[in-house]
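The following exercises concern strand pairing, burial and side-chain contacts. Each task is followed by a solution in steps.

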Amino acid sequence: MAHVRTYNPSVRIGNWIEEVQLEEDKLKDFLERRANGQLLIQRSSGFMGRMSNPIQLSTSADGCVRFGDTIMVVNKGNPDRTVYGVGQHPRDDSALAIYIPDIDSSQTASGPLIVSGTTKLAPCFRTAFKVMPSSDSVNIGDKLRYGQPFYLMTAASESGELFVFSDVKRFSQCTEKARHQVVHLTAEKSFNCFWKIQHINPLLRLEYEHEPVLANDECIIQHCKTHQNLCVEEKCVIPTYFGRDYEISAQTCLDSHKAEMAINRWMLVMGVAGDQTYSIALNNTGSQEPIELKPSIK
């Protein structure tokens, strides 16, 4: 009788039965979460699909930016390491975008959410913003002018009304890597959400005061409260679900001539009738093809 096996799985006790039960519970939990669409791969694919939904940019007949227009805020990159013989850090073209570090926080986009500089230049949920008036005396459709305060609001209806916000740098409130003044999105309107456009040439700012802002032209976006300029941190890269983005801050960076450096220069990109400077016509049809930044022909 020594060769007869008296042991079988039904008599497992102690840790053995606990391990079997644990494996069964894991399998049941997996099947339940998959049926409800709660797996990380399911949530991330749905999240990325929503954030990549294309949005049509506004088109201007006279080339001027108006309140209520849907635009992209684009910073032209510097792929070369040297400019005018001066060494610089290489940087790709980037656009202001919504950055959600946690997928669960995207279910209710109530803010504050950080903004980043994405290299995927396509008008979509992440990258489209609206120029909104900061005063009741300004109407939708009026021209945006140099030195005039305005809000930058998210254009996607699913995100609600979130505004680009900044405030004085503090020890506990600054960008994670560059340690500069933070820029994020908030649902509450305040003076901290006021921005204004300055001419790219410091010597011409008084002459251009109250002049209309032209689309697709380089300009300076300045925070009204702190007088710090919107800045793309070319040396600080953050990982996101959409790839590697640049960190965005409010920091004025001047060169030896007391003029803003390239990381402070932005463009309010939108469609302009008859202007072939930027090939954004494809994106106005709802395509997600990236915007190609070409040299100006003006």
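## Exercise 1: The pairing of β2

In β15, M72 of strand β2 has V269 as its bridge partner. The model is predicted, so local features need pLDDT of at least 70 and side-chain atom pairs count only at pLDDT 80 or more, while totals for chains, interfaces and linings use all residues. Residues are numbered from 1 along each chain as its sequence is written, and side-chain values use heavy atoms, with hydrogens and water left out.

Task. Determine which strands pair with β2 and in which sense.

Solution.
1. Strands (E, at least two residues) are DSSP runs, numbered from the N terminus; two of them pair if DSSP finds at least two bridges between them.
2. Strand β15 (residues 265–269) is antiparallel to β2, with 3 bridges.
3. Strand β7 (residues 129–133) pairs with β2 in the antiparallel sense over 2 bridges; here I71 lies opposite F129.
4. Strand β5 (residues 94–99) is also paired with β2 in the antiparallel sense, over 2 bridges, and N75 has S94 as its bridge partner there.

## Exercise 2: The faces of β2

Task. Establish which residues of β2 are buried on each side.

Solution.
1. Buried means under 20% relative accessible area, exposed over 50%, and partly exposed in between (1.4 Å probe, protein chains only).
2. In β2 (residues 70–75), 6 of the 6 residues are buried.
3. In a regular strand, side chains alternate between the two faces of the sheet.
4. One side of β2 carries T70, M72 and V74, and the other I71, V73 and N75; all are buried.

## Exercise 3: The hairpin of β13 and β14

Task. Describe how β13 is joined to β14 and how far β13 is enclosed.

Solution.
1. A hairpin connects the two strands through 2 residues.
2. β13 and β14 (residues 243–250) pair in the antiparallel sense over 8 bridges, and V232 stands opposite I248 in β14.
3. Because 8 of the 11 residues of β13 (residues 230–240) are buried, this strand is largely enclosed by the rest of the structure.

## Exercise 4: The surroundings of Q181

Task. Is Q181 buried or exposed, and with which side chain does its own side chain make a polar contact?

Solution.
1. Q181 is located in strand β10 (residues 181–186).
2. Its relative accessibility is 5%, so Q181 counts as buried.
3. A polar contact is a pair of N or O atoms within 3.5 Å; within protein, one must be able to donate a hydrogen and the other to accept it, and residues adjacent in sequence count only if both atoms are side-chain atoms. The side chain of Q181 makes such a contact with that of S166 (2.7 Å).
4. Contact means heavy atoms within 4.5 Å. Not counting residues up to four places away in sequence, Q181 touches several residues, including S166, D167, H223 and A250.

How values were computed
Helix = DSSP H or I, 4+ residues; strand = E, 2+ residues; numbered from the N terminus.
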